[in-house]
Amino acid sequence: MSDRVKPLRLENNPVRKMVGSFINRAFTFYEKYFPGRLNIEEQVWVKDVSITMKNLPPQFDGFRIAHVSDIHLGTWVKPFMLERIAALINSLIPHLIVIGGDLVSSATLEYLPHYEEFFRQLQAPEGVVVVRGNHDCYAEKKEFKHIVEQGGGVVLDNRLLEISREGQKLYLIGLDCSYYHQDDLSALLPKLHYKNANILIVHEPDNADQYAASGKIGLQLSGHTHGGQIRLPLIGSPWLPRCGRKYSRGLYRFNRMLLYTNSGLGTSSAHLRIGCPPEVALIRLLIQEQAAGKG
Ligand SMILES: [Fe+2]
């Protein structure tokens with residue numbers, strides 16, 4: 001049986017249909033005559049984000065996670081750019097690489113095989129972990145996992161992964177896409193202890209308040225929103241996707257949990273970013289006393 005997600009149908013509202021059709025035509029025109037080119041070295045913003053984790057074992061003090069999301073290969077980001085993206089990520093000398101979903105777009109699934117070589121090029125001693133985004137759900141899950149695994153990566157689809165250092169552990173919890181209700185944290189929660197350092201990776205950010213309420217997650221890493229892609233002074237972002245409207249960009253603090261929403265590398269319909277550059281985040285985990293000392 002296929003596990004592909006069926007394409008969404010437009011609502012049967014004639015006005016919405018008309019507006020949707022107009023927007024689609026405008027984007028098609030724009031992309032045809034203004035095909036923006038992404039310059040990885042000049043345009044991608046490397047964001048250095050220090051995170052203090054309450055239960056982080058000292059063995060993981062300074063642990064570096066390169067967090068990349070929403071490449072949407074085949075739209076603005078082209079296959080020849082993957083080598084440069086890998087070089088940029090490797091230059092950050094990360095201990096772990098997290099790819100936060102939407103590797104391709106629903107209309108560019110044929111680009112998925114390019115990732116096998118991309119994952120081979122990535123270098124991190126603790127490896128590369130991947131979660132699926134809503135667009136990835138349009139591909140066969142089996143094929144998606146096969147490509148990631150052939151390249152040496154690991155797909156965390158409602159799975160727990162432990163990283164050990166001198167007997168101490170960091171726990172990664174990867175959830176499958178919540179946009180299409182493929183996520184299931186409930187089965188993993190009994191395995192988590194609130195005294196451990198638990199990092200949740202999920203494409204969509206907006207369930208963060210629920211995850212924080214469990215009291216067991218120290219940090220959530222998400223993407224999905226592209227940071228709004230277009231952010232205007234005073235107005236902010238005119239459009240944000242479902243499951244990405246509450247926590248659209250940057251760092252958010254909850255009671256016992258921090259959320260980082262990555263602005264992503266690629267674009268969706270319009271190959272355009274205004275006031276919201278493409279991003280690779282370097283997350284540095286710090287133990288509490290040291291972070292306080294550094295201000
Ligand atoms: Fe997404």
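The following questions and answers go through a sheet, a nonpolar core and two loop residues of a predicted model.

Residues are numbered from 1 along each chain as its sequence is written. Because the model is predicted, local features need pLDDT of at least 70 and side-chain atom pairs count only at pLDDT 80 or more, while totals for chains, interfaces and linings use all residues.

Reader: In what order do the 6 strands of the open sheet stand?
Author: Strands here are DSSP runs of E with at least two residues, and helices are runs of H or I with at least four, both numbered from the N terminus. Two strands pair if DSSP finds at least two bridges between them. The pairing in this open sheet is mixed, and the order is β6-β7-β8-β9-β11-β10.

Reader: Which are the edge strands?
Author: An edge strand in this sheet pairs on one side only. The two that do so are β6 (159-165) and β10 (250-253).

Reader: Which residue in β11 stands opposite leucine 221?
Author: Strand β9 (residues 219-222) and strand β11 (residues 258-261) run parallel and are joined by 4 bridges. Opposite leucine 221 in β11 stands tyrosine 260.

Reader: Which residue in the hairpin of β6 and β7 takes a positive phi?
Author: β6 pairs with strand β7 (residues 168-174) in the antiparallel sense, over 7 bridges. One bridge links leucine 160 to isoleucine 173 in β7. The hairpin has 2 residues between the strands, and the residue with a phi near 45° is glutamate 166.

Reader: With which residues is leucine 112 in contact, leaving aside its neighbours within four places in sequence?
Author: The largest nonpolar core (buried Ala, Val, Leu, Ile, Met, Phe, Trp, Tyr and Cys residues joined through C-beta atoms within 7 Å) has 67 residues, and Leu112 is among the three that touch the most other members. Contact means that two C-beta atoms, placed from the backbone, lie within 7 Å. By that rule the partners of leucine 112 are Leu103, Val104, Ala139, Phe144 and Ile147.

Reader: Is isoleucine 93 buried or exposed?
Author: Isoleucine 93 lies in the loop between α3 (82-91) and β3 (96-99), and its phi is positive, near 50°. A residue is buried if 20 or more other C-beta atoms, placed from the backbone, lie within 10 Å of its own, exposed if 12 or fewer, and partly exposed in between. Because isoleucine 93 has 12 C-beta neighbours inside 10 Å, it counts as exposed.

Reader: Is aspartate 102 buried or exposed?
Author: Aspartate 102 lies in the loop between β3 and α4 (115-121), with a positive phi near 55°. Because 29 C-beta neighbours lie inside 10 Å, aspartate 102 counts as buried.
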